[in-house]
Amino acid sequence: MNRKIFDVFVYVSCLAFCLAFTWYAGCDYNWDLRNYYLYAPHAYVNGLLGKDFMAGSFQSYLNPLPYVPFYLMVRAGWPSLLIGMVLAGVHALNLCLLWPICKRLMEVADDTLWGRRLLALLCLVLGVSGVMFLVEVGSTYTDVSTSVLVLGGVLLLLKGVDEPERLLRYTFLAGLLLGAATGLKLTNTPYALAAGVFGLVPGLRLARRAKFYLMLGAGGLVGAVLSTGQWCWLLYREYGSPFFPFFNGLFQAPDFIPATYRHARFLQASLLDALMLPFSIIETYEWTYVEISAPEVRFAAFFGACALLVIAAVLRKWWPALRTRMGTQVMAAKQQMFVAYVVVGWVVWMVMFSNGRYLLPLTLLIGAACGVVLWRLLPA
């Protein structure tokens with residue numbers, strides 16, 4: 001089977017899996033859907049922003065654009081199964097982007113084509129196996145829809161590392177996608193900020209690094225304006241704040257209390273809790289990092305392997321046998337940047353939210369991250 005046929009097989013399998021799992025899981029009827037997933041786009045499409053006030057609580061003023069397609073399908077009277085299949089098809093794009101990310105990261109991990117394909121396929125399966133993706137695929141949640149833009153941005157950044165002559169072009173496009181993802185849903189902010197680590201790629205000259213951050217910032221700004229600029233203007237015109245009622249401690253809109261709301265439900269109480277979070281979420285209890293029981297072991301494996309790599313790097317200077325066992329290969333630049341991206345994204349997410357739903361892009365990427373660090377730790 002040649003490379004292109006194998007890729008098509010993987011893409012079709014990803015789509016089939018998302019469609020089949022959506023059919024198996026049944027109709028979506030979550031709390032957010034009952035409270036504002038239909039109201040917010042209804043108010044936007046029908047111009048109710050200045051007529052209703054807090055009709056869907058403060059969530060009424062989140063960017064409604066991600067919910068408009070679902071609202072229009074419901075208003076048109078589409079059967080729920082058909083709506084679920086359409087949403088699942090969109091969500092399958094996550095896996096179609098995750099596959100080339102896995103291939104790109106694993107192409108230095110084995111000397112044979114089939115060896116590289118097998119490792120990439122294992123990383124893909126590990127990425128898909130997270131509870132949060134399975135909960136959201138085919139549903140009305142927009143975390144899994146906007147994550148498509150995040151994964152697209154990550155893929156472009158990896159391409160930029162591989163093709164230095166096109167680095168700035170890829171960086172601008174990556175910034176565009178990450179900015180759009182953040183504009184559509186502000187909880188994607190950690191993954192836009194974490195993209196800055198790619199500017200630290202080894203061998204990049206200072207002027208080139210400065211241009212990288214300039215292009216990333218410019219792309220992010222354009223993407224954010226395109227995805228949420230109109231909505232921010234409507235909020236500003238009506239209430240005097242482009243993010244009403246959020247950040248009102250800064251904007252002081254008269255129709256809401258002068259305070260900045262923070263979603264603190266899952267925030268960590270101490271530094272020790274923060275350090276233990278990758279291991280705490282292995283628990284099957286509810287309300288650990290998300291409302292439902294969603295045990296997650298892959299982040300513990302990733303951070304545990306990272307810690308062992310650091311320890312091994314220190315010990316191998318005085319322990320020749322360890323140097324022999326671990327081999328002589330080193331992570332490629334794109335692997336180093338990708339691992340750093342996952343670490344920084346996790347830290348920023350934890351500080352800002354610690355809510356498992358907002359972790360969704362990393363719950364897909366963590367499979368490839370585990371593959372990279374485990375390949376380095378256990379090359380045999």
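**Chatting through a predicted model**

Q: Hi! Let's start with Cys-18: buried or exposed?
A: Cys-18 is buried, since its relative accessible area is 0%. Keep in mind that this is a predicted model.

Q: OK, and why does the sulfur of Cys-18 have no bond to the closest cysteine sulfur?
A: The closest cysteine sulfur belongs to Cys-14, and the two sulfurs are 6.9 Å apart, so they are too far for a bond. To count as a disulfide, they would have to be within 2.5 Å.

Q: What about Cys-370, why no bond there?
A: That one is also down to distance: the closest cysteine sulfur, in Cys-123, lies 8.4 Å from the sulfur of Cys-370, which is too far for a bond. Cys-370 counts as buried, because its relative accessibility is 2% and the cut-off is under 20%.

Q: So how many disulfides does the count come to?
A: The count comes to zero disulfides.

Q: Back to Cys-18. Which residues of helix 1 meet helix 5?
A: Cys-18 is one of them, and the helix 1 group also includes Phe-6, Tyr-11, Cys-14 and Trp-23. On the helix 5 side, the partners include Leu-81, Met-85, Trp-99 and Lys-103. By class, this contact has 17 nonpolar, three polar and two charged residues.

Q: How do those two helices pack, angle-wise?
A: Helix 1 (residues 3-25) and helix 5 (residues 80-106) pack at an angle of about 145 degrees, and their axes are 8 Å apart. Their crossing is right-handed.

Q: New topic! Which residues touch the most other members in the largest nonpolar core?
A: Those are Phe-302, Phe-338, Tyr-341 and Trp-346, in a core of 82 residues. Helix 17 (residues 360-377) gives the most to this core, with twelve residues.

Q: Nice. What is Phe-302 in contact with, leaving aside neighbours within four places in sequence?
A: The list is Val-339, Val-342, Val-343, Ile-366, Ala-369, Cys-370 and Val-373. You'll recognise Cys-370, the buried cysteine from before.

Q: Does Trp-346 come up elsewhere, I mean, which residues does Ile-281 touch?
A: Not counting residues up to four places away in sequence, Ile-281 touches Trp-346, along with Thr-288, Tyr-289, Ala-294, Pro-295, Glu-296 and Phe-299.

Q: And where is Ile-281 found?
A: Ile-281 is in the loop between helix 13 (271-280) and helix 14 (298-315). Ile-281 is buried, as its relative accessible area is 0%.

Q: Last one: what separates the C-alpha atoms of Ile-281 and Gly-356?
A: The separation is 9.4 Å, although the two residues are 75 residues apart along the chain.

Note on methods. Residues are numbered from 1 along each chain as its sequence is written. This is a predicted model: local features need pLDDT of at least 70, side-chain atom pairs count only at pLDDT 80 or more; totals for chains, interfaces and linings use all residues. Side-chain values use heavy atoms; hydrogens and water are left out. Axes are lines fitted to C-alpha atoms, for helices over the stretch in contact, and angles run from 0 to 180 degrees between N-to-C directions. Helices (H or I, at least four residues) and strands (E, at least two) are DSSP runs, numbered from the N terminus. A crossing is left-handed if the near helix is turned anticlockwise from the far one by less than a right angle, and right-handed if clockwise. Contact means heavy atoms within 4.5 Å. Ala, Val, Leu, Ile, Met, Phe, Trp, Tyr, Cys and Pro count as nonpolar, Asp, Glu, Lys and Arg as charged, and the others, Gly among them, as polar. Buried means under 20% relative accessible area, exposed over 50%, partly exposed in between (1.4 Å probe, protein chains only). A nonpolar core is a set of buried Ala, Val, Leu, Ile, Met, Phe, Trp, Tyr and Cys residues joined through side-chain atoms within 4.5 Å.
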